[in-house]
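Welcome to this short tour! Open your viewer, get ready to select a few things, and follow along stop by stop.

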Amino acid sequence: TLPVVAIVGRPNVGKSTLFNRVAGKRIAIVEDKPGVTRDRIYSRGDWSGREFHLIDTGGLEFGQQDEVIDHIRHQADLAIEEADVIVFAVDGREGMTTTDQEVARLLHRSNKPVVLAVNKLDHVKHYEEAYEFYRLGFEEVFPLSSLHGTGTGDLLDAIVAHF
Ligand code: GDP
Ligand code: MG
């Protein structure tokens, strides 16, 4: 069976865009605003000859703040259960939020490898925005742009190194 890679994070950070980029096709629905997307979407990816299953998480992405947090928590729990490697996606433009810190806490409790994708850094000159996210306590932090596909190669190298 193939290793499983799951992308988790709060709404609108670009999880589905990253998923489509890695899957090499448009499967996940990318929303301009947080909204309801299908709960979990599966595809296959490969990198350097290594194949894997890829999971995009989404679902309820609006409503009361605590409802949203509960939902993200549930998605993170499922990812922790199923995944061999977790991609934790955050928004490098918006910066760190309390929800990111909450998700980080959950992920630290698991023994799964986590690679942190600091997304929406569309230009290399903005890569320094990724540094503050080291405070979340993960060793592997990757500035990238899912929109342009820059930086995703380094992320994928780190992912497949955990298989
Ligand atoms: P999700 O809710 O985490 O799945 O986020 P989506 O993939 O639906 O993306 C939310 C919004 O962010 C959409 O408008 C995307 O086009 C935009 N977005 C995603 N990745 C990037 C990126 O690397 N750079 C920029 N500038 N926008 C992005
Ligand atoms: Mg999505």
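Which residue in β6 is the bridge partner of L116? Keep that question in mind while you get your bearings. You are looking at a predicted model.

**Stop 1: the whole chain**

Show the protein as a cartoon and colour it by secondary structure. You should find 4 helices and 6 strands. Walk along the sequence and they appear in the pattern β-α-β-β-α-β-α-β-β-α. The radius of gyration is 14 Å, close to the 15 Å that the globule rule gives for 163 residues, so the chain is as compact as a globular protein of that length. Switch to the C-alpha trace and turn the view: along its principal axes the trace spans about 45 × 40 × 30 Å.

How much of the chain is buried? Buried residues make up 39% of the 163 residues. Contacts across the sequence are worth a thought too: among those between residues at least 6 apart, 66% join residues at least 24 apart.

**Stop 2: strand β5**

Now select residues 114–119, which form strand β5. All 6 of the 6 residues here are buried, so the strand is largely enclosed by the rest of the structure. Show the side chains next. In a regular strand the side chains alternate between the two faces of the sheet. On one side of β5 you will find V114, L116 and V118, and on the other V115, A117 and N119. Both faces are covered, since each of these residues is buried.

**Stop 3: the neighbours of β5**

Add residues 85–91, strand β4. Strands β4 and β5 run parallel and are joined by 6 bridges. For one place to look, select A89, which stands opposite A117 in β5. Then add residues 98–109, helix α3. Together, β4, α3 and β5 make a right-handed β-α-β unit.

Next, select residues 141–143, strand β6. Here 3 bridges join β5 to β6, and these strands also run parallel. Time to settle the opening question: the bridge partner of L116 in β6 is V141.

**Stop 4: two residues with positive phi**

Step just past β5 to K120, in the loop between β5 and β6. Is K120 buried or exposed? With 21 C-beta neighbours inside 10 Å, K120 counts as buried. Its phi is positive, about 70 degrees, although K120 is not a glycine.

Then jump to N12, in the loop between β1 (4–8) and α1. Phi of N12 is near 75 degrees, again a positive value in a residue other than glycine. N12 has 16 C-beta neighbours inside 10 Å, so N12 counts as partly exposed. For a sense of distance, draw a line from the C-alpha of N12 to that of N111: the two are 26 Å apart in space and 99 residues apart in sequence.

**Stop 5: ligand 1**

Finish by selecting ligand 1 and the residues around it. Of the 17 residues there, G14, K15, S16, T17 and L147 come nearest. Which helix gives the largest share of this shell? Helix α1 (residues 15–23) does, with 3 residues. Colour the shell by class and you will count 4 nonpolar, 8 polar and 5 charged residues.

Definitions and conventions
Residues are numbered from 1 along each chain as its sequence is written. Chains are lettered from A and ligands numbered from 1 in the order in which they are written. This is a predicted model: local features need pLDDT of at least 70, side-chain atom pairs count only at pLDDT 80 or more; totals for chains, interfaces and linings use all residues. A residue is buried if 20 or more other C-beta atoms lie within 10 Å of its own, exposed if 12 or fewer, and partly exposed in between; C-beta atoms are placed from the backbone. Helices (H or I, at least four residues) and strands (E, at least two) are DSSP runs, numbered from the N terminus. Two strands pair if DSSP finds at least two bridges between them. A crossover is right-handed if, with the strands pointing away from the viewer, the path from the first strand over the helix to the second runs clockwise. A residue is near a molecule or strand if its C-beta atom, placed from the backbone, lies within 6 Å of it. Ala, Val, Leu, Ile, Met, Phe, Trp, Tyr, Cys and Pro count as nonpolar, Asp, Glu, Lys and Arg as charged, and the others, Gly among them, as polar. The radius of gyration is taken over C-alpha atoms; the globule rule is 2.2 Å times the number of residues to the power 0.38. Two residues are in contact if their C-beta atoms, placed from the backbone, lie within 7 Å.
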